[in-house]
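Me: I have a model open in front of me and I'd like to learn how to read it. Could you walk me through a few features?

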Amino acid sequence: MGRGKNNVLPGFTPALGYTIFYLSLIVLIPLSALFFKTATLTWGDFVAAVTAPRVLASYRVTFGASLAAAVINGFFGVLVAWVLVRYRFPGKKLIDALVDLPFALPTAVAGITLASIYSQNGWLGRYLEPRGIKVAFTPLGIAVAMVFIGLPFVVRTVQPVLEELDQEIEEAASCLGANRWQTFRRVLLPTMLPAILTGFALSFARAVGEYGSIIFIAGNMPMVSEITPLLIITKLEQYDYAGATAIATVMLVVSFFMLLCINLLQKWSRCFAE
Amino acid sequence: MSIEIEGISKSFGTFAALKNVSLKVPSGELVALLGPSGSGKTSLLRIIAGLESPDSGRILFDGEEATKRQVQERQVGFVFQHYALFRHMTVFDNIAFGLTVKPKKSRPGKAEIRDKVHNLLKLIQLENLADRYPAQLSGGQRQRVALARALAVEPQVLLLDEPFGALDAKVRLELRRWLRRLHDEIHVTSVFVTHDQEEALEVADRIVVMNEGRIEQEGTPSEVYDRPATPFVYDFLGSVNLFHGRVHEGTAQMAGLDLSSPENASAQHAPAVGYVRSHDIAIERDGNGSGAIKAEVRYLLSVGPLVRVDLVLSGSDRTIEAELPRDEADRLQLQVGEQVYARPRKMRVFVEDYQI
């Protein structure tokens with residue numbers, strides 16, 4: 001595509017060369033080092049390392065809590081986006097800005113804050129614990145932290161799609177006899193769905209990779225509330241580099257497949273875009 | 001179904017969009033609401049559809065009160081200027097939408113829906129595009145799909161909001177003739193909004209001219225064009241020249257001419273304005289007889305089959321505009337700067353009080 005003397009955009013060769021060099025340096029080399037380090041293990045050792053009961057438990061906690069958090073965000077994120085787009089109210093700009101806060105806040109700060117308000121003596125924890133709802137230092141706390149950091153992903157992907165939606169589309173549906181629910185299910189939801197799925201997947205991916213905000217609230221009990229990234233750190237601290245990279249490799253492959261899914265979803269959502 | 005509008009008023013904030021509007025649309029007619037932007041025509045259409053509710057007044061469908069009816073119950077088909085098609089659905093699904101959202105009891109079967117949609121596709125001449133998405137259609141095709149979608153539910157009333165406004169000139173012309181023929185076939189009571197006087201004159205059975213939230217005149221296209229009731233209608237429909245003067249007991253004095261104005265028989269030395277359409281001004285070389293004004297040709301411009309002549313009245317620097325058929329202009333062989341006589345063939349005089 002870029003070849004030929006009459007190309008309108010000059011500099012194809014140096015631009016592509018630089019891009020590949022840069023991507024190699026920043027992304028590919030570190031990631032391949034991960035695989036090489038893992039390759040020092042035998043296949044048997046590798047399987048043993050990534051399927052140890054404690055490791056399997058951490059997958060369950062990480063992916064289970066991430067999935068739950070992404071589902072919650074998928075629902076409430078759409079609600080927040082809907083309110084921000086559809087209604088006018090005082091302080092709307094402020095709320096709009098608040099949505100981005102989980103992006104910007106250092107994750108450790110978020111983690112400490114969440115841990116302190118949900119702990120036994122915290123603002124919320126002191127009311128929840130007597131009722132038998134234990135949030136801090138349980139998988140539930142992990143999910144809460146993941147919901148916190150994942151919310152902006154859903155809101156920010158759904159918001160522009162909602163803004164683009166013409167009021168006339170809904171008016172057309174109601175003129176044709178559709179009630180509010182039918183209009184939402186048949187007209188609005190299908191239009192928003194690709195964006196909701198993308199937001200869901202992004203929020204899920206972020207939750208799987210999250211470390212800083214979770215370790216404070218998680219309690220980190222092996223087999224119960226220990227997340228996979230923490231397990232990697234633990235192994236590194238025990239100088240078990242190969243074991244750590246083996247688990248990291250599994251995470252890497254899973255992340256890659258998730259990103260692939262996100263891209264496919266985005267491609268699908270462009271299908272009927274004008 | 002006939003529509004009766006009784007004393008409808010509607011304000012948006014401090015802006016009064018409609019001021020006590022009453023109108024009757026007889027069953028089976030195609031009526032145009034014509035007016036400049038901000039005249040309230042779209043608000044009136046949306047109130048008929050139930051997309052807006054009036055501040056006061058009533059809407060009657062076939063003599064039955066419908067003011068409080070929900071949009072869904074009104075059985076109106078609404079066509080939007082920007083089509084408002086469901087972009088995630090194919091043409092087929094768009095047209096079928098109104099049938100598939102019906103309550104279970106009255107919803108037709110799958111085969112029946114398919115037949116109906118195919119008949120509509122045939123009607124809009126897009127049979128082979130059933131599986132396309134709206135993004136893959138041209139503007140004219142999209143608007144036809146929107147019309148078919150509205151017709152699928154067999155509405156009692158068809159409402160069209162500037163249906164050809166977003167299309168280019170040629171498609172617009174084709175589509176409005178097609179709409180006229182379609183209406184002759186299906187005879188559903190239709191109201192359409194437009195700011196294009198030519199469109200209204202060509203398509204509608206009756207025209208309702210609106211201005212500043214009020215109805216200025218309603219009548220057949222030839223009534224509103226040939227006998228405008230108010231200066232506004234005169235101004236809005238076609239190009240027009242204004243003459244200022246006085247009217248006294250049925251005789252108007254304008255630009256040095258005495259003209260009879262029987263409709264102002266009771267006027268006493270009242271200041272008045274005379275309206276003459278550009279094509280009602282004849283140009284003559286010699287000013288024999290009365291009723292012609294001496295003038296100088298300032299500018300000539302051929303526009304298609306017509307020639308536009310700008311004339312400066314002698315003794316003043318007022319300019320009037322005349323339109324001649326091409327062959328008439330060829331016969332006269334007018335030159336810029338030469339002296340001619342302009343004869344108003346038809347003038348309508350309004351006493352100044354009525355002026356907007």
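**Helix packing, cores and domains**

Reply: Sure; keep in mind that this is a predicted model. Let's start with a helix pair: helix 3 (residues 53-86) and helix 10 (residues 180-209), both of chain A, pack with axes 8 Å apart and an angle of about 145 degrees. Their crossing is right-handed.

Me: Which residues of helix 3 of chain A and helix 10 of chain A make the contact?

Reply: On helix 3 of chain A, look at Phe63(A), Leu67(A), Ala70(A), Gly74(A) and Val78(A), among others. Helix 10 of chain A contributes residues including Ile196(A), Gly199(A), Phe200(A) and Phe204(A). By character, the residues of this contact divide into ten nonpolar, seven polar and no charged.

Me: Now the cores. Which residues touch the most other members of the largest nonpolar core?

Reply: A nonpolar core is a set of buried nonpolar residues joined through C-beta atoms within 7 Å. Here the largest has 104 residues, and Ala32(B) and Leu159(B) touch the most other members. Helix 4 (residues 139-152) of chain B gives the most to it, with seven residues. Both domain 1 and domain 2 of chain B supply at least three residues each.

Me: What does Ala32(B) contact, leaving aside its neighbours within four places in sequence?

Reply: Its partners include Phe192(B), Ala200(B), Val203(B) and Ile207(B).

Me: And how far apart are the C-alpha centres of domain 1 and domain 2 of chain B?

Reply: They lie 39 Å apart. Four residues of domain 1 of chain B are in contact with six residues of domain 2 of chain B. On the domain 1 side, that's three nonpolar, one polar and no charged.

Definitions and conventions
Residues numbered from 1 in each chain as written. Chains lettered and ligands numbered in written order. Predicted model: local features only at pLDDT ≥ 70, side-chain atom pairs only at ≥ 80, totals over all residues. Buried ≥ 20, exposed ≤ 12 C-beta atoms within 10 Å, placed from the backbone. Helix = DSSP H or I, 4+ residues; strand = E, 2+ residues; numbered from the N terminus. Domains from an automatic or database assignment. Contact = placed C-beta atoms within 7 Å. Axes fitted to C-alpha atoms, helices over the stretch in contact; angles between N-to-C directions. Left-handed = near helix turned anticlockwise from the far one by under 90°. Nonpolar A, V, L, I, M, F, W, Y, C, P; charged D, E, K, R; others polar.
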